[in-house]
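Hi everyone, and thanks for making the time. I'd like to walk you through a structure that may be new to you, so please have a look at it while I talk.

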Amino acid sequence: MVSDLDVHGDDLVASTYGRALWILDGLAPIREHPTETQLLPPATVIRARWDNDQDTPNPPETPAGENPPDGAILDYFLKTAATGEATTLTIFDSGGGAIIRRFSTNDKEPELPLPNVPGYWFAPPARLPAAAGMNRFVWDLRTAPPKTLPYSYGGDLLEYTEYTLPDHAIPGNTPRQQPVGPLVPPGQYTIELAVNGHTYRQTLTIRQDPRIPVPDSDLAEQWRLEQRIMRGMEESYAAYFEMAALRKSSKDEAAKSQFDAVIKGTRKAPGVGPINRDLSRMCTALQSGDIRPSDTIAKAVEVKLNMLADRLAAAAALMKRR
């Protein structure tokens with residue numbers, strides 16, 4: 001039985017005579033009570049990171065409570081189910097021009113190498129609902145995961161994804177793709193829902209974790225460096241598979257050696273595969289906290305990106321010879 005109710009911000013808190021405390025997240029659907037298609041005003045969200053205790057998930061039979069969803073809770077009401085073109089949910093930056101993330105009902109589950117751990121570890125893919133009535137979608141305040149190669153320290157592309165001590169190690173909630181995308185900086189973002197030929201917009205405010213006082217300029221610098229790493233990972237990922245396909249089709253042994261120099265490289269002059277792996281590690285390191293990047297990691301990223309530019313130039317030269 002409920003002993004008391006309290007509206008706290010955008011949540012409803014209920015206490016029971018059994019000494020339990022329950023929280024209903026997000027009262028917008030109740031307050032708005034929409035009858036026409038509408039994207040409801042999202043509540044202000046706190047930009048909070050996971051803890052840094054890397055571990056393995058508990059067995060699924062271990063009793064455990066469940067935390068609120070990570071990120072922004074986005075509610076929308078559809079008078080009729082979506083038909084025709086794909087329904088999309090797009091997040092724009094504070095300027096309203098650059099796309100931070102886009103979700104679609106046509107999104108397909110990414111084809112990933114098999115994991116080396118049980119499937120119960122992982123969170124299901126994010127799917128955008130578009131049924132008649134009230135719908136809810138949670139954006140984790142992150143960009144899409146970077147293009148990551150399962151590249152080993154031994155110098156080869158693995159046929160599986162290796163998980164040792166993953167981030168957010170919770171049964172059914174561990175990210176399948178790691179590293180995850182960077183957290184966006186605090187600020188105001190535009191949420192756009194496109195469904196049944198109409199577009200609906202709302203503004204989402206993201207605030208910094210009040211427990212971590214850090215200047216916005218530091219977070220902006222962290223974001224800029226993360227974006228540079230993300231672009232480098234995307235370029236190295238694409239170059240790896242392009243060069244690997246050309247090497248496989250080549251019958252010239254000398255040409256194969258040149259492709260190997262671009263793909264694998266050496267310890268002093270690593271190829272695009274090892275560079276992607278190293279950038280992935282740097283991406284993970286940068287996401288370990290809300291802090292301005294140190295000079296050490298900034299210089300390390302610069303060195304890797306310069307190496308990548310050299311490898312990409314070598315790849316372009318090989319393409320011209322074909």
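**A first walk through the model**

Let me start with one pair of residues: Tyr189 has Leu204, in strand β13, as its bridge partner. That pair belongs to a longer ladder, in which nine bridges join strand β12, residues 187-195, to strand β13, residues 198-208, and the two strands run antiparallel. Before I go further, please keep in mind that this is a predicted model.

Now let's step back for the overall picture. The protein has 322 residues, and 38% of them count as buried. Its secondary structure comes to five helices and 13 strands. Along the principal axes, the C-alpha trace spans about 75 × 45 × 40 Å. If you take the contacts between residues at least 6 apart in sequence, 71% of them join residues at least 24 apart.

Back to the strands. As a reminder, strands of a sheet pair through backbone hydrogen bonds, either parallel or antiparallel. Where do β12 and β13 sit in their sheet? They are part of an open sheet of five strands, in the order β5-β13-β12-β7-β8, with mixed pairing. At the edges you find β5, residues 45-47, and β8, residues 99-104, each of which pairs on one side only. From one strand to the next, the twist averages 25°.

Let me pick out one residue in this sheet. Thr88 lies in strand β7, which covers residues 88-92. Is Thr88 buried or exposed? Its relative accessibility is 19%, so Thr88 counts as buried; the cut-off for buried is under 20%. Which residues does Thr88 touch, once we leave aside its neighbours within four places in sequence? Its contacts are Phe103, Ser104, Leu128, Glu192, Leu193 and Ala194.

There is another open sheet to look at. This one has three strands in the order β4-β6-β10, with antiparallel pairing. Strands β4 and β10 stand at the edges with a single partner strand each, so one side of each has no neighbour in the sheet. What about β6, residues 72-78? Six of its seven residues are buried, so β6 is largely enclosed by the rest of the structure.

We can follow the pairing on each side of β6. Strand β4, residues 38-39, pairs with β6 over two bridges in the antiparallel sense. Gln38 stands opposite Phe77 in β6, and Leu39 has Tyr76 of β6 as its bridge partner. Strand β10, residues 133-139, is joined to β6 by seven bridges, again antiparallel. One example there is Asp75, whose bridge partner in β10 is Arg136.

Let's turn to a helix. Helix α4 runs over residues 272-286, so to speak fifteen steps along the chain: it has 15 residues and reaches 21 Å from its first C-alpha to its last, close to the 21 Å expected at 1.5 Å a residue. Of those 15 residues, 12 are buried, so α4 is largely enclosed by the rest of the structure. Among the buried ones are Val272, Pro274, Ile275, Leu279, Met282 and Leu286. And what do the buried residues of α4 pack against? Their partners are α2 (216-249), α3 (253-263) and α5 (295-321).

My last topic is the aromatic rings. The count comes to seven aromatic pairs. In one of them, the rings of Trp121 and Phe122 have their centres 6.4 Å apart and their planes at 55°, so the pair is tilted. Trp121 counts as buried, at 7% relative accessibility, and Phe122 is buried too, with a relative accessible area of 11%. The rings of Tyr240 and Phe241 have centres 5.3 Å apart and planes at 80°, so that pair is edge-to-face. Here Tyr240 is buried, at 9%, whereas Phe241 is partly exposed, at 38%. Both residues belong to one aromatic cluster with Tyr151 and Tyr237.

Some rings also have a charge over them. Arg176 lies over the face of Phe122, 5.3 Å from the ring centre. Likewise, the charged end of Arg142 sits over the ring of Trp50, 4.7 Å from its centre.

That's my tour, and thank you for listening.

Technical notes:
Residues are numbered from 1 along each chain as its sequence is written. This is a predicted model: local features need pLDDT of at least 70, side-chain atom pairs count only at pLDDT 80 or more; totals for chains, interfaces and linings use all residues. Side-chain values use heavy atoms; hydrogens and water are left out. Two strands pair if DSSP finds at least two bridges between them. Helices (H or I, at least four residues) and strands (E, at least two) are DSSP runs, numbered from the N terminus. Axes are lines fitted to C-alpha atoms, for helices over the stretch in contact, and angles run from 0 to 180 degrees between N-to-C directions. The expected span of a helix is 1.5 Å times one less than its number of residues. Buried means under 20% relative accessible area, exposed over 50%, partly exposed in between (1.4 Å probe, protein chains only). Contact means heavy atoms within 4.5 Å. Rings of Phe, Tyr and Trp (its six-membered ring) pair if their centres lie within 6.5 Å; planes under 30 degrees apart count as stacked, over 60 as edge-to-face and the rest as tilted. A charge sits over a ring if NZ of Lys or CZ of Arg is within 6 Å of the ring centre and within 35 degrees of the ring normal.
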